[in-house]
Amino acid sequence: MFSYNNPLTPFSPPSSIASNSDQTGNVTYSFVIPIYNEEDNIAELYRRLQALITTLEGSSELILVDDGSCDRTLALLRQLHQDDPSVRYISLARNFGHQI
């Protein structure tokens, strides 16, 4: 159905996210962003989200969900995670769209 290309499970945040959380390890804000064929927009999305996150009180996490993209979206998400381990991603095996 879907695959986690990130070795992190969605229920146990890694230490990199815990460092961006409060002293109890809780995250105040979770940004879950669906992405489909957005290779040209990922860098700008990340830049804008980081600018927003720095203005918030409380901790945050960023989870990007690749909905079966056909372009270089997944490769860019992997690189983004490598550059910033607090960014997590999920890669769906195919495009599930927004309707069932």
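**Exercise 1.** State which residues S69 touches, not counting residues up to four places away in sequence.

Solution. S69 touches I35, Y36 and N37, with residues up to four places away in sequence left out. A contact here means heavy atoms within 4.5 Å. The model is predicted: local features need pLDDT of at least 70, side-chain atom pairs count only at pLDDT 80 or more, and totals for chains, interfaces and linings use all residues. Residues are numbered from 1 along each chain as its sequence is written, and side-chain values use heavy atoms, with hydrogens and water left out.

**Exercise 2.** Find the polar partners of the S69 side chain.

Solution. A polar contact is a pair of N or O atoms within 3.5 Å; within protein, one must be able to donate a hydrogen and the other to accept it, and residues adjacent in sequence count only if both atoms are side-chain atoms. Start with the backbone: the S69 side chain reaches the backbone nitrogen of N37 at 2.7 Å. Next, take side chains: S69 and D66 make a side-chain polar contact at 2.5 Å.

**Exercise 3.** Place S69 in the fold and decide whether S69 is buried or exposed.

Solution. Helices (H or I, at least four residues) and strands (E, at least two) are DSSP runs, numbered from the N terminus. The protein has three helices and four strands, in the order β-α-β-α-β-α-β from the N terminus on. S69 lies in the loop joining strand 3 (60-66) and helix 3 (73-83). Buried means under 20% relative accessible area, exposed over 50%, partly exposed in between (1.4 Å probe, protein chains only). The relative accessible area of S69 is 16%, so S69 is buried.
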